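Visitor: I should be grateful for a close look at a single helix, followed by its setting in the chain as a whole.

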Amino acid sequence: MSLERKSSARITAIGTYVPQRIMTNSDLEEMVDTSNEWIVQRTGIHERRIAAEDQYTSDLAIAAVENLMQTWGKDVSDVDLVLVSTTTPDYPFPSVASKLQAHFGMTHAGALDLNATCAGFTYALHLADGMISAGLHRRILVVAAETMSKVTDYTDRTTCILFGDGAGAMLVEAAPAHGSFLSANVGAKGEGGIHVYRSGLSSRMGDHELAGNGLIVQNGREVYKWAVTTVPKGMQAVVEKAGKSLDDVDWFIPHSANLRMIESICEKSGFPMEKTLYSLKYYGNTSAATIPLALHLGIQDGRVKPGDTLLLYGFGGGLVHAGLLLSWNP
């Protein structure tokens, strides 16, 4: 069913950042029982970027915003809300968003971190669209930043091969006649939360005793089954809400969790892999940051052009998911 959209929010700039240090599959061969061939065959990942010991999520976020400002000639001092999606903040509080607010001198901005794991970027954009379209804000800085390497168990051969660090930022501004947001679809399956988690204050989840001691624990098989069932249905729901079909989409940009998972999602949805963008080959799974990293790569190499219709779809721990249909008109 098509729903009328009255978005007055426009994406006007994008920036990204990844740390300098590269961890290759060969490096991982020295750490756990694995091989380059095994990793590539099962994930499509060749290498990932790793934050320095004294480099934290806020540092990556700041660098991504600086890249946005330099590339697009933007000033963020008059931003009135900072939304940061992260599951790896420097500390529980103060928020990463408040650190960005202070660093860039955004004296009239509110600051908020949100946690929707690997769907965090699409959730944050969805909130920014709603807040601007409702007239509550005029300029929102949306950032996804993660230092997954700091919470990865490098003795677990099934998870340590996946994760990397990175950040992406977008500026979303009021533009009543030129909104970027066409439709959205969000959802969750909270009962599946036990399949991918990181323990915190509580060491239990319902009847389950949690493992990992604060590091990532994942049942990859269950997460895979959920994603390849849920995301194709969500993709269809997003385009139908806009009165469109998947044939109208120029580029599909899913969360870059695993190339085999993306291939399965494309197969089940009937969407061509050659029109799908991902960032995992050289950056790994950067959680909330994978989608802006993939989009920025597509812009830089000339594949994504003004006027293109983009389908972004994030999914991850929670289990949560969020898809957006966008008109790329920065």
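Visitor: What distance should the 14 residues of helix 5 (residues 120-133) span at 1.5 Å a residue, and how far apart are its end C-alpha atoms?

Guide: The model is predicted, so local features need pLDDT of at least 70 and side-chain atom pairs count only at pLDDT 80 or more, while totals for chains, interfaces and linings use all residues. Residues are numbered from 1 along each chain as its sequence is written, and side-chain values use heavy atoms, with hydrogens and water left out.

At 1.5 Å a residue, helix 5 should span 20 Å, and its end C-alpha atoms are 20 Å apart, which agrees. The expected span is 1.5 Å times one less than the number of residues. Helices here are DSSP runs of H or I with at least four residues, strands are runs of E with at least two, and both are numbered from the N terminus.

Helix 5 has these buried residues: Gly120, Phe121, Thr122, Tyr123, Ala124, Leu125, Ala128, Asp129 and Ile132. Buried means under 20% relative accessible area, exposed over 50%, and partly exposed in between, with a 1.4 Å probe and protein chains only. After the helix comes Gly135, with a positive phi near 85°.

Helix 6 (residues 220-241) may be read in the same way. Its 22 residues reach 31 Å from the first C-alpha to the last, close to the 32 Å expected. Among its buried residues are Trp226, Pro232, Gly234 and Met235. Gly243, just after helix 6, takes a positive phi of about 70°.

Between strand 6 (139-147) and strand 7 (165-174) runs a loop that holds Lys150. Lys150 counts as partly exposed because its relative accessibility is 31%. Leaving aside residues up to four places away in sequence, Lys150 touches Ala51, Ala52, Glu53, Gln55, Tyr56 and Leu215, where contact means heavy atoms within 4.5 Å. The C-alpha atoms of Lys150 and Gly15 are separated by 23 Å, with their positions 135 residues apart along the chain.

As for the whole chain, its secondary structure comes to nine helices and 15 strands. Its radius of gyration is 19 Å, which agrees with the value near 20 Å for a compact globule of 330 residues; this radius is taken over C-alpha atoms, and the globule rule is 2.2 Å times the number of residues to the power 0.38. Buried residues make up 55% of the 330. Of the contacts with a separation of 6 or more, 76% join residues 24 or more positions apart.
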